[in-house]
Amino acid sequence: MTRASAEPPDQSTASPLTSIPVVCIRAYERNPRQAENPAYGDIKESIRVDGMLQPLIVTRRPGEDDYIVAAGGNTRLRAIRELHTETEEERFARVPCVIHPWTGEKAVLAGHLKENVLPADLVFIDRARAVLALLDLIREERGGAPLSQRQAVAALRDVGYVVSQSVFSYMAYAVERLWSLLPDALSAGIGRPQVERIRTLERAAESVWRSITDAETEAFATAFDAACRKSDGAVWDFAVLRRAVEAEITQRADVGPRAVQEALAARLHERATEPDGTAEPELATRASPAHLSAAARSGERDRPPGPA
């Protein structure tokens, strides 16, 4: 089968349904989904039994021979390619497709994001990384000028991807701050609520750090980074991260653990009662960071927690 047999009569507008050799179609390199699709086995078996019932939407970059998936469908393409390799059956040799004209990289990436609109379609970090990659393409097209969060959200909306500013801020935090520290936990699927709690913890812990030590903010960032890396894993628990943060502050600031625990609990409680805060049900003890600061600097050490 030759590649010439895949040529459509016209690519200036979307084509009617056409059949393209499977060897002439590639998955999209910037596919937002990086984790394995949990439904892959079922999708492959469905195609084995019934064939490809839903056509792929494909497009082609100028000057290239192969097509790429333009709006979702990378999983189905992988399945039918594997079936063609495994069985060599002719019915898996061609794929029903609708060919869309090439309109640019950002349009293709936006198309994939819009096809995976439900939270269950992508883990949070995959969606976040794709959204920031799309924003990079938009900035590049605009000459590379930086964008505020408000401008970024508006620019994404202009290409058809709607996200609130608050959710976008968590996406940016997950990619730019946490991805290098918690890769296993994020890849395993911790979502926006957990990312929100981590950011709240970081801000509260930094406030405690400033109240008890004269060390630079960079030293706190190093401590928080170390705590994140210690807590990372496919099975992730916020409580483990919180204990690791407390331990890092205790060790690096030379302050008793009870004092750090109470001060951090107080800061978290304050943030939980702010209008957009999320309450943490385990926060029952209040402590004054100002008292902690005075105690720490006077050399006071805490006894281990125990019954009163």
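How many nonpolar, polar and charged residues are in the lining of the largest pocket? In this predicted model, the lining has four nonpolar, nine polar and four charged residues, as set out by class below.

| Class | Residues in the lining of the largest pocket |
|---|---|
| Nonpolar | four residues |
| Polar | nine residues |
| Charged | four residues |

The largest pocket holds about 350 Å³ of space. It is lined by 17 residues, of which Gly72, Gly73, Arg76, Glu115 and Asn116 are the closest to its centre. Helix H2 (74-87) and helix H3 (105-115) are the elements that give two or more residues to this lining, and H2 gives the most, with three residues.

Turning to H2 itself, the 14 residues of this helix should span 20 Å at 1.5 Å a residue, and because the end C-alpha atoms are 20 Å apart, the expected and modelled spans agree. Within H2, the buried residues are Asn74, Thr75, Arg76, Leu77, Ala79, Ile80 and Leu83, and what covers them includes strand E2 (25-26), helix H1 (40-50), strand E3 (56-59), strand E4 (67-69), strand E5 (94-99) and H3. Arg76 is thus named both among the buried residues of H2 and among the residues closest to the centre of the largest pocket. Just after H2, Glu88 takes a positive phi of about 60°.

A separate site is Ser231, which is placed in helix H9 (residues 217-231). Ser231 has a relative accessible area of 5%, which is under 20%, and therefore counts as buried. Leaving aside residues up to four places away in sequence, Ser231 touches Leu182, Trp236, Val240 and Leu241.

Note on methods. Residues are numbered from 1 along each chain as its sequence is written. This is a predicted model: local features need pLDDT of at least 70, side-chain atom pairs count only at pLDDT 80 or more; totals for chains, interfaces and linings use all residues. Side-chain values use heavy atoms; hydrogens and water are left out. Helices (H or I, at least four residues) and strands (E, at least two) are DSSP runs, numbered from the N terminus. Buried means under 20% relative accessible area, exposed over 50%, partly exposed in between (1.4 Å probe, protein chains only). Contact means heavy atoms within 4.5 Å. On a 1 Å grid over the protein atoms alone, a cavity is a set of points where a 1.4 Å probe fits but cannot get out, and a pocket is an open set with protein on both sides within 12 Å along at least five of seven lines; lining residues have an atom within 4 Å of a point. Grid points are joined across faces, edges and corners, and a volume is the space filled by probe spheres set on the points. Ala, Val, Leu, Ile, Met, Phe, Trp, Tyr, Cys and Pro count as nonpolar, Asp, Glu, Lys and Arg as charged, and the others, Gly among them, as polar. The expected span of a helix is 1.5 Å times one less than its number of residues.
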